[in-house]
Amino acid sequence: MLLNQFLILSAVLFSIGVYGVLARRNGVLVLMSIELILNAVNINLVAFGAFRASVGGEVFALFIIAVAAAEVGVGLAMVLLLYRNRRSIDLTLIDQLRG
Amino acid sequence: MNTLFTLAAAATGDGLALGITEGGSWLLRNVWLIPLLPALSFIGILFFGKKMPRGGSELGIAAVGIAFVLALLTGVAWIDHRDNFHGDEVHVAVIQMDDHGAAHGDDHGAGHEPGHPSLAVHRTATWFQTNGVEFTVGTLVDGLAVMMLLVVTLVSLLVHVYSTDYVHGDRRYTHFFAFLSLFSASMLLLVVSENTLQLLCAWELVGVCSFALIGHWWEEKPNSDAALKAFLTNRVGDMGLLVGVTVLFFAAGSALPDRFGSFSIAETNALANSGALSHTTLVVAASCLMAAVMSKSGQFFLHTWLPDAMAGPTPVSALIHAATMVVAGVFMIARMYGVFFEGFQIGGSSINLMAFIGGLTTIVGALLAFVQRDIKKVLAYSTISQLGYMVLALGVGAWTAAVFHLFTHAFFKACLFLGSGSVSHAVHSFDMKSDMGGLRRHMPHTYRTFMIGTVALAGLPPLAGFWSKDEILVGTGGWGLMGGTGGNGAYTLMLGMGMLTAALTAAYMTRCVYLTFFGEFRGHGEPHESGPRITGPLWILAGLAIVAGFFNMPKGFQLAPGSLQERFGHFVEPVAGYFPAISHATPSWSLAIVSTLVVISGITASGWYYFVKVEAASKAAGTSLTELPDGPTTKYPLARMGHTLLSNKYYLDHFYNGVVADGTKGPLARMANRINQDVIDRTVDVVGETAVKAGTVVYEKIDQLVVDGAVNASGRGSSGAGEELRKINSGKVQSYAAILFAAATVLAGILIVLV
């Protein structure tokens, strides 16, 4: 088993996630893209952990999954509130912080 | 060197005997309790007086009453101590100057040895320390202190009781009693002072209290003016005291080995007596202290505050004039007598500054008493005159006579003052000419006690004033006729001054009594006798005015048993190292008879004028007159001039206000103005103009160009940067994220390239 196959998969997933975060206008899809980025990182951690015969990578991955669950919970709540207030979840319309 | 230092004759190898002991009975060692009691009552009245049922007066009376009982017990303890105490005497090492001027310390140092009777009881505690010099506070108890404790507490107690009626319903009743307490405490602290620094503090405290009490009714301008005048006039003398005390401190330090200085009264006096202090130093110190006495004890020409001080409530006047304040000066001379005796060279002289000032004051004061309408002012000038008597006596070396006169005077003068207060209580005025007259029928108690006080003051035997006055006249040593000799010198002039004053005193008191109690009542309404809280103290004081003289019947007085002769002198006059060796004059029958005749002639002359001529003129005119319509002042120009001079109080107030105050005020103001205009203003102008020029340069060149330029540039820079950066700040989350990722990518690229 070669390490670089996992790393390539991870890099592809990360890139798809970054594209989604930057390009999609739908809030829910942006959140999903963030999940892709996080899971790309998870794959990296687990792969390196297995490669080095250490459980540290898995432990970190588990932490990230737990934190990601919390983050998605908050994120979806924000999207929900956004929808209630504006009847829209288009992120390009939310620019009140413009300087 | 030889002129500055004389060999310390009394200082033997054992050191200089101070005449004090650290032993003694409990009472004598703990007299500090006596001033403490009224001091505590002052604080108590101040904080809780208003809440008490009698406004705090009960606390003051209780404190002073207990203090009086303690003083009595202390007196008894002293009488035992004076003759029966044989404890250790304190000695102190002295630097002696030999003929070549080389100083050598006394190796034996300070020590103790069994002493003789009549040692003063000395007790000290450390007050504070600075640079290794220790300042003490403590008590020095001898006959003088014990006598003063008794007089002050007794008069103060009677004044307290009297005041509960006299100032009843006053708007500052509590405040009044608080200050009465503090006044008593200050005076008691003064009389037990162990060192001059403590004495100075108590002296100032007395001054402050008198200020507060004279100005008790300060809402009226004359009263607050009088209080200020009393305070400021006293400040003049206080400077003298301060300088005198300082001079003595360093003088003592120069004579004591390993000591920087000494405030101790016993040490200072003992050094002065032993000749260890130079005469020049002592003259300077004694003159400075004399200035303090002149202001505090109302000696001519600093006496002007004293009559004005009558603006205070009458009990305060009684307290000031009888027991506290004004006798503080006389007490101070008596206390520092070693310094004065050597400084003014009282022994073997025929005139000196102190005796002359005293003699002048006694005549000046007595003359002024003749022209007063205000009964209290008559008594005030009488006090000045009698204080002059005391100072005269101290000046001629008749120490015991002076202190004895202080003792008797306290009683009859307090009696007279409280009597005048009782009169004014009845007629609501102090003016003898317009509001009094004929009061003997309306106020029998006040009349009788006032008469007793008058006779005692005039000095008719056998009342108190006779004995003390006679002793002073004897003490002048000026009576060479028929055995009345001895004393410290031949002060014939002082004897003449004393005699003249005796006649004048008798005459002006006769006038005062006639105007107040005889003739017909000239005031309004129906005068009535005062209550028991006023007449009670009057009778006690009148009783003392009768018997006080018997405490010191002269030695060799055939009508009294030997055991009763000179009791006062025996117990009060110190026989100790801190007291100079004064010699005592021999009493003389002839002098006593002559002085009595002089007094009677004074009474007769004045009595003939008032009781015969004025009375007859009154009957003829049908009203109660106070002087003859064609009296000597209308007939003779010289008499009129004299009267005008006296009415204007020798123009001293005019002199002080017009010449001294305005004279210094004007030139001082002009000089201050000139300095202001020419020196200060010009400097300020030059500095200002230079500053303006420098400021202009700085403003134009540095401020405008450099500083402002930098500030403006940075402002514009940040403004432009803000304008540019504003575009990035779109508010869109995804553009932010894009920048974040781009930055992360760039940084990651850098990392890869570098590592």
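**Exercise 1.** Which residues does Ala414(B) touch, not counting residues up to four places away in sequence?

*Solution.* In this predicted model, the residues that Ala414(B) touches under this condition are Val155(B), Leu158(B), Ala318(B), Ala322(B), Ala323(B) and Leu541(B). The next step is to place Ala414(B) in its wider setting: the largest nonpolar core has 231 residues, and Ala414(B) is among those with the most contacts inside it, as are Val155(B), Leu289(B), Ala402(B), Cys415(B) and Ala545(B). Helix H16 of chain B, which runs over residues 399-427, gives the most to this core, contributing 18 residues.

**Exercise 2.** Determine the order of the strands in the open sheet of chain B, and explain why one side of S2 and of S8 has no neighbour there.

*Solution.* Three strands form this open sheet of chain B, in the order S2-S7-S8 and with mixed pairing. Strand S2 (20-21) and strand S8 (133-141) stand at the edges with a single partner strand each, and therefore one side of each is left without a neighbour in the sheet. Turning to one pair, S2(B) and S7(B), the latter covering residues 120-130, are joined in the parallel sense over two bridges, and Ile20(B) stands opposite Ala120(B) in S7(B).

**Exercise 3.** Describe the fold pattern of chain A and decide whether the chain is spread out or compact by the globule rule.

*Solution.* Chain A holds three helices and zero strands, which read along the sequence as α-α-α. Its radius of gyration is 16 Å, well over the 13 Å that the globule rule gives for 99 residues, so chain A is more spread out than a compact globule. The C-alpha trace spans about 50 × 25 × 25 Å along its principal axes, and 13% of the 99 residues of chain A count as buried.

How values were computed: Residues numbered from 1 in each chain as written. Chains lettered and ligands numbered in written order. Predicted model: local features only at pLDDT ≥ 70, side-chain atom pairs only at ≥ 80, totals over all residues. Pairing = 2+ DSSP bridges. Helix = DSSP H or I, 4+ residues; strand = E, 2+ residues; numbered from the N terminus. Core = buried A, V, L, I, M, F, W, Y, C linked by C-beta atoms within 7 Å. Buried ≥ 20, exposed ≤ 12 C-beta atoms within 10 Å, placed from the backbone. Contact = placed C-beta atoms within 7 Å. Rg over C-alpha atoms; globule rule 2.2 N^0.38 Å.
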